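Open the model in your viewer and keep the selection tool handy. We will walk through it one stop at a time.

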Amino acid sequence: MKNLRYLFLLLLIISCKKENDINIQEKETGSLPYFDSADFTPQWTKGTHRIPQFSFVNQNGRTITNKDYAGHIYVADFFFTTCPGICPKLTKNMNILQDFYKDDSGILLLSHSVMPWVDTIEKLKEYELNNNVNSEKWNLVTGDKNELYNIARNGYFADEDFKKTKDESEFIHTENFILVDGQGYIRGVYNGTLKFDLERLKRHILILKKES
């Protein structure tokens with residue numbers, strides 16, 4: 001038990017140090033790092049990892065691919081429509097982003113279902129209507145489970161449990177919001193349930209807008 005406490009404290013210290021390094025660099029240079037690996041170690045030279053090619057279907061039955069997001073800054077997350085836990089908080093905060101950037105066509109949102117065997121196009125459409133989702137700004141996508149889980153784990157590095165277990169049968173559930181720039185590079189990761197991190201995300205989007 002004592003060893004577990006030490007491990008937790010060590011991981012917390014490492015996480016805080018990474019965040020502090022990013023904040024210092026941000027203040028000194030007005031730039032954001034690139035993230036090329038699942039441990040989210042910040043890289044201050046241009047990244048090598050981009051979000052891989054994808055093809056999913058949105059709440060309107062339209063095929064959504066990387067081309068729909070090319071040249072746009074976007075925020076991605078993972079959810080399912082029947083989730084009673086963190087998903088309503090994630091959706092609420094995505095809604096805040098949607099409203100905040102409603103007049104900025106350069107900022108888009110992308111939510112991937114992690115329960116595609118339940119989240120049909122019809123279910124996503126119902127979710128859109130119940131949660132004031134604007135499909136011009138925000139796509140809710142479903143598709144093949146393996147493809148969705150692969151891009152979550154190997155594209156967005158969004159599944160923290162998979163980093164530990166490497167068990168491909170595990171269900172994905174993450175509170176992360178992932179910030180992606182117009183070239184497909186990951187530039188930030190945030191706890192999508194926290195208002196504090198939402199404000200940090202907005203600040204970082206402003207930096208990316210200046211960068212481009």
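Begin with a pair of strands: select strand 3 (residues 55–58) together with strand 7, which pair in the antiparallel sense over two bridges. Keep in mind as you look around that this is a predicted model. To see one of the partners, pick Val-57, whose bridge partner in strand 7 is Thr-142.

Now add strand 6 (residues 107–113), which pairs with strand 7 in the parallel sense over four bridges. Click on Ser-111 here, and you will find Leu-140 as its bridge partner in strand 7. To follow the chain between these two strands, trace it from strand 6 through helix 3 (residues 121–130) to strand 7; this β-α-β crossover is right-handed.

Stay with strand 7 for a moment and show its side chains. Is this strand mostly covered or mostly open? Covered: strand 7 spans residues 138–142, and five of its five residues are buried. In a regular strand, side chains alternate between the two faces of the sheet. Here Trp-138, Leu-140 and Thr-142 point one way, while Asn-139 and Val-141 point the other way, and all are buried.

Next, go back to helix 3 and select Glu-122, which has its place there. Is Glu-122 buried or exposed? Its relative accessible area is 58%, so Glu-122 counts as exposed, the cut-off being over 50%. Draw a distance from its C-alpha atom to that of Asn-58: the separation is 9.8 Å, although the two residues are 64 apart along the chain.

Move on along the chain to the loop between helix 3 and strand 7, where Asn-132 lies. Check its backbone: Asn-132 has a positive phi of about 55° although it is not a glycine. Asn-132 is exposed, at 59% relative accessibility.

For a counterpart, jump to Phe-40 in the loop between strand 1 (34–35) and strand 2 (42–43). Phe-40, also not a glycine, has a positive phi of about 55°. What is its accessibility? Phe-40 has a relative accessible area of 9%, so it is buried.

Finish in the interior. Nonpolar side chains tend to be buried together in soluble globular proteins. The largest nonpolar core in this model has 52 residues, and Phe-54, Tyr-74 and Tyr-156 have the most contacts inside it. Strand 5 (residues 73–79) gives the most to this core, with six residues. Centre the view on Tyr-74 and show its surroundings: among the residues it touches are Ile-51, Phe-54, Leu-108, Leu-110, Tyr-156 and Val-180.

Conventions:
Residues numbered from 1 in each chain as written. Predicted model: local features only at pLDDT ≥ 70, side-chain atom pairs only at ≥ 80, totals over all residues. Heavy atoms only, no water. Buried < 20%, exposed > 50% of the residue type's maximum accessible area, 1.4 Å probe, protein only. Pairing = 2+ DSSP bridges. Right-handed = clockwise from strand over helix to strand, strands pointing away. Core = buried A, V, L, I, M, F, W, Y, C linked by side-chain atoms within 4.5 Å. Contact = heavy atoms within 4.5 Å. Lists of a residue's contacts leave out its neighbours within four places in sequence.
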